[in-house]
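This report describes the architecture, burial and charge pairing of a single protein chain. The sequence and the structure are shown first.

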Amino acid sequence: YATGKSLFVFRHLLVFLQQNFATAKPYMGLCWTMVSKWEMAEPTNHRVPLPFAIFKAMIAVSLGWKWFKFAGVLSLGFMGIARPGEPLAALRRDLILPRDMLSTDSSLAYLKIQKPKTRFRGGGRTQHLAVHNAEFVFLLDAVFASLHPEDRLLECSPSAFRRRWDAILQALQIGKESGLTPG
């Protein structure tokens with residue numbers, strides 16, 4: 001704390017020690033108490049959640065600008081509660097649409113997350129997210145169904161995605177001070 005390092009670095013150090021030095025575990029209580037005190041001294045600032053109305057407006061603008069794949073990836077991220085990089089890294093083969101399951105239920109789609117952030121922390125090496133909304137599953141099907149299995153859902157870098165995000169918010173007259181980020 002006194003050196004100006006981030007709390008997450010200290011937390012990772014404690015987890016590393018617990019995992020690699022079993023004999024240290026009985027002495028870790030004091031360390032975790034220090035984490036609690038650090039959190040009181042330097043409260044965590046969480047990202048501003050994206051309101052559903054603004055999300056729908058962003059989808060409308062992106063569709064109006066013919067950014068169909070952007071709208072699809074944005075829908076996957078929001079409706080599937082994903083980290084921004086997960087749908088950005090996805091291939092068409094990772095997206096499971098109702099047609100892929102030969103299903104008549106058109107209100108459910110899945111995305112296989114190849115390298116989830118929590119894969120080394122007990123979260124599973126492969127994870128899935130689900131979209132349970134017929135309108136957005138219809139959008140996903142319309143945008144991505146015809147892609148080749150090896151095609152990326154959206155051919156752009158995270159910074160290009162962010163530029164589009166910012167452009168849409170600007171078009172909606174929502175300033176940067178709102179704190180709305182893809183995260």
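At 45% relative accessibility, does Glu 150 count as buried, partly exposed or exposed, and why? Glu 150 counts as partly exposed because its relative accessibility is 45%, where buried means under 20% relative accessible area, exposed over 50%, and partly exposed in between (1.4 Å probe, protein chains only).

The model is predicted: local features need pLDDT of at least 70, side-chain atom pairs count only at pLDDT 80 or more, and totals for chains, interfaces and linings use all residues. Residues are numbered from 1 along each chain as its sequence is written, and side-chain values use heavy atoms, with hydrogens and water left out.

**Overall architecture**

The chain contains seven helices and three strands, the elements being DSSP runs numbered from the N terminus (helices H or I, at least four residues; strands E, at least two). In sequence order the pattern reads α-α-α-α-α-β-β-β-α-α. With a radius of gyration of 20 Å, well over the 16 Å that the globule rule gives for 183 residues, the chain is more spread out than a compact globule; the radius is taken over C-alpha atoms, and the rule is 2.2 Å times the number of residues to the power 0.38. The C-alpha trace spans about 55 × 40 × 25 Å along its principal axes.

Of the 183 residues, 32% count as buried. The chain exposes about 11600 Å², of which carbon and sulfur atoms supply 59%; accessible areas come from the Shrake-Rupley method with a 1.4 Å probe, and for residues only the protein chains shown count as cover. Among contacts (heavy atoms within 4.5 Å) between residues at least 6 apart in sequence, 62% join residues at least 24 apart.

**Helix H6 and its surroundings**

Helix H6 covers residues 134-144, and its buried residues include Phe 136, Leu 139, Leu 140 and Asp 141. The cover over the buried residues of H6 includes helix H3 (52-64), H4, S1, strand S2 (109-113) and strand S3 (127-131). At the start of H6, a side-chain oxygen of Asn 133 comes to within 3.0 Å of the backbone nitrogen of Glu 135.

Ser 75 belongs to helix H4 (residues 68-79) and counts as buried because its relative accessibility is 1%. When neighbours within four places in sequence are set aside, Ser 75 is in contact with Phe 55, Ile 59, Gly 80, Phe 136, Leu 139 and Leu 140. A polar atom of the Ser 75 side chain lies 2.8 Å from the backbone oxygen of Ala 71.

**Salt bridges**

Side chains of opposite charge can pair when their charged atoms come close. In the whole structure, eight salt bridges are found, each a side-chain nitrogen of Lys or Arg within 4 Å of a carboxyl oxygen of Asp or Glu. Three of these pairs are listed below.

| Acidic residue | Basic residue | N to O distance |
|---|---|---|
| Glu 86 | Arg 83 | 3.2 Å |
| Glu 150 | Arg 93 | 2.6 Å |
| Asp 141 | Arg 99 | 2.7 Å |

The pair of Asp 141 and Arg 99 (2.7 Å, N to O) links distant parts of the chain: Asp 141 is in helix H6, whereas Arg 99 is in the loop between S1 and S2, 42 residues apart. Asp 141 counts as buried at 18% relative accessibility, whereas Arg 99 is partly exposed at 48%. Salt bridges that share partners join Arg 93, Asp 94 and Glu 150 into one network.

Within that network, Glu 150 and Arg 93 meet in a salt bridge at 2.6 Å, N to O. Their pairing also links distant parts of the chain, with Glu 150 in the loop between H6 and helix H7 (158-171), Arg 93 in the loop between H5 and S1, and their positions 57 residues apart. Arg 93 counts as partly exposed at 45% relative accessibility.

Asp 94 lies in the loop between helix H5 (85-89) and strand S1 (95-96) and counts as buried at 3% relative accessibility. Beyond its neighbours within four places in sequence, Asp 94 is in contact with Tyr 110, Leu 111, Lys 112 and Gln 114.

In the pair of Arg 83 and Glu 86, Arg 83 is partly exposed, with a relative accessible area of 36%, whereas Glu 86 is buried at 13%.

Conventions:
A polar contact is a pair of N or O atoms within 3.5 Å; within protein, one must be able to donate a hydrogen and the other to accept it, and residues adjacent in sequence count only if both atoms are side-chain atoms.
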